[in-house]
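Good morning, colleagues. I should like to take you through one protein chain, beginning with a single residue and ending with the whole. Please look at the display as I speak.

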Amino acid sequence: MLLKRLMLAAALATAAVATQAHADALDSIMKSKVIKIAVPQDFAPFGSAGLDLKPQGYDIDMANLIGKELGVKTEIIPVTSANRIPYLQTNKADLVISSLGKNEEREKVIDFSIAYAPFFSGVFGTKAIAVASAADLKGKTIGATRGAIEEQALTASAPDATVKRFEDNNATIAAFVSGQVDLIATGNTVAAAIAEKVPARAPALKFVIKDSPCYVGLNKNEPALLAKVNEIITKAKASGEIGKLSEKWLKAPLPPGF
């Protein structure tokens, strides 16, 4: 009986220490004056290597902003889509800022901040074209990649629209850039790339087809760190800092209601 009591006491003590250590992630960051943040290395404009081979992009700027607001050094850790969550779970990173979307499976293993970056599919066109919803597409030609989520959504929601389907994204982009179609149904990152390379045909957002914003990922049971990250993001939205990141990297203002 005594042995069982000792074993139980030891187990409870171990659990308490583990819980305290896990809940004190923010305290550990502040004491070390370093925050380790995993960022994408192969997904422009969120994160990629610049001409100087240093990471650059929306997510890198966001990571540095969080470090600055905390008053600590930001240690950038380049990751891929495949290893970004394992890096977090094995404590190689304190946060993941890597164009991370939220879904039920991921929510079982990590926590998420409020959204810090827009990521969506939509209908885009030059500023001269007046379109605000699927109902306004009648008489317009829209380029879309066959089988893509944008093409499927338009088929269902805008039966009166003329959707020109192309076999791959490059063909869809070329059709819009050359003026073969009035509008293009694509992702906001693709629209940003077009705006950067062909300013004369810079695509402005007309309406969103599917919204899947990006969130900061962090380990479970870190309420203090989660609250602080949310506070920083909220402040950056209110001050216009996140809006500046959108203009800089996505070549567009934040979508309404973001």
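Let me begin with Thr74, which is buried because its relative accessible area, 15%, falls under the 20% cut-off. I should say at once that this is a predicted model. Thr74 sits in strand β5, which covers residues 73-79. Leaving aside residues up to four places away in sequence, Thr74 touches Ile35, Ile37, Ala63, Asn64 and Gly67.

A second threonine invites a parallel account. Thr145 belongs to strand β9, residues 141-145. Is Thr145 buried or exposed? With a relative accessibility of 11%, Thr145 is also under 20% and therefore counts as buried. Which residue does the side chain of Thr145 meet in a polar contact? The partner is the side chain of Thr172, at 2.8 Å. Thr172 also appears among the residues that Thr145 touches, together with Glu151, Phe166, Glu167, Asp168 and Asn169, again not counting residues up to four places away in sequence.

I turn now to the nonpolar cores. The largest of them has 32 residues, and those with the most contacts inside it are Tyr58, Met62, Ile66, Leu95 and Tyr116. Several elements each supply at least two residues of this core: the helices α2 (25-32), α3 (58-70), α9 (223-239) and α10 (241-250), and the strands β1 (34-40), β6 (95-100), β7 (110-117) and β13 (214-219). The largest share, seven residues, comes from α3.

Leu95 deserves a closer look. Beyond residues up to four places away in sequence, Leu95 touches Ile35, Lys36, Ile37 and Ala38, then Ile66 and Leu88, and further along the chain Val216, Gly217, Leu218, Leu225 and Val229. Apart from the largest core lies another, of 13 residues, with Val131, Ile142, Ala158 and Phe207 among them.

Finally, the chain as a whole. It comprises 258 residues, of which 42% count as buried, and it contains 10 helices and 13 strands. Its C-alpha atoms fill a box of roughly 80 × 40 × 30 Å along the principal axes. Among contacts with a separation of 6 or more, 69% join residues 24 or more positions apart. The protein chain exposes about 13,500 Å², and carbon and sulfur atoms supply 56% of that area. As for charge, there are 30 positive and 26 negative side chains, and the centres of the two sets lie 2 Å apart.

Thank you for your attention.

Terms used: Residues are numbered from 1 along each chain as its sequence is written. This is a predicted model: local features need pLDDT of at least 70, side-chain atom pairs count only at pLDDT 80 or more; totals for chains, interfaces and linings use all residues. Side-chain values use heavy atoms; hydrogens and water are left out. Helices (H or I, at least four residues) and strands (E, at least two) are DSSP runs, numbered from the N terminus. Buried means under 20% relative accessible area, exposed over 50%, partly exposed in between (1.4 Å probe, protein chains only). Contact means heavy atoms within 4.5 Å. A polar contact is a pair of N or O atoms within 3.5 Å; within protein, one must be able to donate a hydrogen and the other to accept it, and residues adjacent in sequence count only if both atoms are side-chain atoms. Accessible areas come from the Shrake-Rupley method with a 1.4 Å probe; for residues, only the protein chains shown count as cover. Lys and Arg count as positive and Asp and Glu as negative; His and the chain ends are not counted. The place of a charge is taken as NZ of Lys, CZ of Arg, CG of Asp or CD of Glu. A nonpolar core is a set of buried Ala, Val, Leu, Ile, Met, Phe, Trp, Tyr and Cys residues joined through side-chain atoms within 4.5 Å.
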